[in-house]
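User: I'd like to go through this one by asking how each label is earned. Can you set the values against the definitions as we go?

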Amino acid sequence: MSLQFVVDGLLTGSMIGLGAIGVTLTYSILRFSNFAHGDFMAWGTYATLAVVSAIGAMVGKVAPIGPLSFGWPLIVALIVGMAFTALLALLLDKVLFARLRSQGQAIIVVMASFGASMALRSLLEFTFTSRPTYFSRAIQIAMPVGFGIRITPDQIALLLLTAVLVLGVHLLMTRTQTGRSMQALSQNAALARIVGIDVASVVRVTWVIGGALACVAGVMIGILVQIRPFMGFDMLLPMFAAAILGGIGSIPGAVLGGLIIGLAEAGAVQLIGAEWRAAVSFIILMAVLFVRPIGLFGVRER
Amino acid sequence: MDLLGYGAFFLTTALIFSLVTLGLNLQWGLTGLFNVGLAGFVAIGAYTSALLTTPDDAARLGGFGLPILVGWLGAMVVGGIAAALTGMATLRLRSDYLAITTFGVAVVVQLVALNAQKLTGGPFGIGFIPRPFGSLAETPLLFNLSNLAVVSVVTLIAYLALEHLSRSPWGRVLKALREDERAAISLGKSARFYRVQAFAVGGAIMALAGALQAHFTGFIAPDNYLPILTFQVWVMLIVGGSGSNLGAVIGSILVWAIWAGSGTLTSILFPPEQQARAAALQIAAIGVMLCVILLIRPNGLFGDRPRRSRFSKRAKIAAGESSSGS
C-alpha cells in the first residue's frame with residue numbers, strides 16, 4: 001500500500017479537526033451537540049466564494065501567489081467569510097439556541113439545531129442549487145517528496161494554516177484569561193458563575209471561534225475537493241466522532257481525533273474502497289463509546 | 001372517484017408516517033430518548049421484509065418468497081435488535097451520545113443500502129416486493145382502499161397497544177424515569193434496562209412502518225431513507241405534541257397534508273427547471289417551522305403537560321450515574 005494515504009489522511013484530518021474544535025467547544029461549554037455545525041462550514045464556504053467572485057468582478061483576474069492555485073482575493077475572502085460565519089453562529093444563538101437554553105431543556109436545543117441544520121442547508125440549495133462548484137478549476141501538479149508520496153503546493157499551505165490555527169486556539173485556551181474562563185465554564189458552570197465569570201461573553205467567544213474555524217475547514221474542502229450544499233452535513237459524523245474520540249472539551253484531543261479519523265479514512269479508501277469511507281467514523285465512534293467513552297484526553301464530568 | 005382514490009392513497013401514506021411517529025413517541029415522548037437516525041431503522045425494516053418476501057433473485061442474496069406477515073415480523077425483530085444494540089452502546093452515557101450514534105446508524109444503513117449490492121440491490125433498490133391484494137391492482141380504487149384498510153388496522157393495533165403500554169406499570173416507570181430519574185432509580189428501577197426496552201420497541205415499530213411502506217409501493221431504494229425522512233417525522237411528532245399517541249397520529253396526517261399540499265403547489269407554481277430549488281425552499285420552510293414551534297409551543301397541539309424544570313438536571317444526574325456505575 002502506498003504511503004500517499006498519509007498526506008490524504010492528514011488533509012482530511014485537518015478539515016475534520018478544525019470542525020471538531022467547534023463541536024467540542026459548543027458541547028463542553030453550551031452543553032449540546034450542535035447538528036448545525038456542518039452547515040456553518042457550508043455557509044462559510046459559500047460566503048467566501050461569493051466574496052472571491054465579488055473581488056474578481058471588481059479588480060479583474062488576479063495572478064495566483066507563487067505555485068498556489070489562488071491569489072490574495074481568496075485570503076481576503078476567507079477572512080470575510082470567517083467573520084460572516086461567526087456572525088451567523090452568533091445570530092442563530094441569539095434567535096434560537098439561547099432562548100431554548102434558558103428554558104433549561106438540553107435535548108430540545110439539540111433538536112432545534114437539527115431543524116436549523118435542515119433549514120440552513122436547504123436555503124443554500126435554493127440559492128446556489130445542488131450543483132458542485134469550485135474556487136479554481138486549475139489543475140495543480142503534485143510534487144514528489146519521497147517514499148512514493150506526492151503533495152501539491154495548496155496542500156502544503158493548508159496543512160501549515162491548520163497547524164498555525166490550532167496552535168493559536170490552543171494558546172488562546174491555555175494562556176489567556178478568556179480561555180481560562182472558557183475552561184472554567186466547561187468544567188463547572190455553577191462554580192464559574194460564582195467566581196464572576198461573564199457567561200454571556202464566554203458563550204460569544206465560543207461561537208466566534210467555532211464559526212470561524214468551521215469556515216476555514218469548509219474553505220479547505222472547497223479548495224481541495226468541491227463546494228456543495230451538503231459538504232458540511234457529510235462532515236458531521238466524522239466531526240462528532242473526532243470530538244468524542246479526543247475527549248469532549250479538549251482542543252488538542254479534537255485535532256488529534258480528527259487526524260486519526262482522517263488517516264483511518266484514507267487507509268480504508270486504499271484497502272476497502274472509497275464507497276465505505278463514511279463507515280470508518282462510525283466504527284471508531286462505537287469503539288470509543290464501548291471502550292473509553294470519555295475519549296483520549298477527556299475528563300469526567302462533575 | 002379519482003379523488004376518493006387519491007384520498008385513500010394519501011391517508012395510507014400518512015398512516016404509515018403515523019406509525020413511525022408512534023414509534024418515535026415511545027422513544028422520545030414517553031422515555032426522552034433522542035433518535036435522529038430513525039430513517040435508518042425504517043430502512044432496516046423495509047429491506048428486511050423485502051429480502052424475506054421477494055421471489056428468488058440470482059443477483060443478490062435471498063429473495064426467500066416467504067409470506068408477507070413473516071416479512072413484517074422479521075422486520076420488527078431485526079429493527080428491534082438494531083435499536084436494542086444502539087441503546088445498549090449509548091444509554092449508559094450522556095443523552096447526546098445516543099443522538100450522535102443514531103445519526104451514525106442512519107449514515108451506515110444508507111451506506112449499506114447503497115453499496116452492499118449483494119444484499120440490497122445497491123442504488124437501484126429492490127423491486128417486485130409482493131403487495132397485499134396485488135391481484136386487485138387492475139382496479140386502483142379497490143386496491144388503494146384495501147391497502148388503506150390494512151394500514152389502518154395495523155396502525156390502530158399499534159396505537160391501542162401503545163396506549164395500553166403507556167398506562168401499564170411499564171409505561172409508568174418510563175414516565176417516572178423521564179420526569180425524575182433519581183427518584184425512579186431510588187425505587188429500584190434500572191434506568192438503563194427500561195430505556196433499552198423502550199428504544200427497542202420503538203425501533204421495532206419504525207421497522208414495521210418501513211416494511212408496510214415497502215409492501216405498499218412494491219419498490220424500495222436507498223433514496224427513500226435520507227435524513228429528510230427523519231426530519232419529517234420529527235416535525236410530525238413535535239406538531240402533534242410529544243408524549244401523546246393521538247397527537248402523533250394527528251400531527252402526522254396534518255404535516256403530511258401540508259407537505260403534500262405545498263409540494264403540489266410548488267409543482268403548479270414553478271416551471272420544471274426550478275422544481276428542485278422550490279423543493280429546497282419547502283424543506284427550509286418546514287425547518288423554520290420546527291424551530292418556531294419549539295420556541296412558541298414546545299408541547300405541540302396535544303402535548304403532555306409541560307415538563308418540570310427538574311428535567312434539565314438530567315444530564316448531570318446521568319453523568320453522576322455513569323461515573324459511579326463504571
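User: What follows α10(B), and what is the sign of its phi?

Analyst: G241(B) comes right after α10(B), and its phi is positive, near 110°. Bear in mind that this is a predicted model, where local features need pLDDT of at least 70, side-chain atom pairs count only at pLDDT 80 or more, and totals for chains, interfaces and linings use all residues. Residues are numbered from 1 along each chain as its sequence is written, while chains are lettered from A and ligands numbered from 1 in the order in which they are written.

User: How do you know that the length of α10(B) suits a helix?

Analyst: Helices here are DSSP runs of H or I, at least four residues, numbered from the N terminus. The expected span is 1.5 Å times one less than the number of residues. For the 14 residues of α10(B), 227-240, that gives 20 Å, and the end C-alpha atoms are 20 Å apart, so the two agree.

User: Why is α10(B) called largely enclosed?

Analyst: Buried means 20 or more other C-beta atoms within 10 Å of the residue's own, exposed means 12 or fewer, and partly exposed lies in between, with C-beta atoms placed from the backbone. In α10(B), 12 of the 14 residues are buried, so the rest of the structure largely encloses this helix. Among them are F231(B), W234(B) and M236(B). The buried residues pack against α4 of chain A as well as α1, α2, α4, α11 and α12 of chain B; contact means C-beta atoms, placed from the backbone, within 7 Å.

User: What makes E273(B) exposed?

Analyst: E273(B) has 7 other C-beta atoms within 10 Å, so it counts as exposed. You'll find E273(B) in the loop between α11 and α12 of chain B.

User: Why are α2(A) and α8(A) called roughly perpendicular?

Analyst: They pack at about 65°, with axes 7 Å apart. Roughly perpendicular covers 65 to 115 degrees (under 35 is roughly parallel, over 145 roughly antiparallel, the rest oblique), and α2(A) and α8(A) therefore get that label. The contact includes F40(A) and M41(A) of α2(A), and G210(A) and G211(A) of α8(A).

User: And what of α8(A), how many of its residues are buried?

Analyst: 19 of the 26 are, so α8(A) is also largely enclosed by the rest of the structure.

User: Which element gives the most to the side of chain A that touches chain B?

Analyst: That's α4(A), with 15 residues. Overall, 39 residues of chain A are in contact with 38 of chain B.

Conventions. Axes are lines fitted to C-alpha atoms, for helices over the stretch in contact, and angles run from 0 to 180 degrees between N-to-C directions. Helices (H or I, at least four residues) and strands (E, at least two) are DSSP runs, numbered from the N terminus. Two residues are in contact if their C-beta atoms, placed from the backbone, lie within 7 Å.
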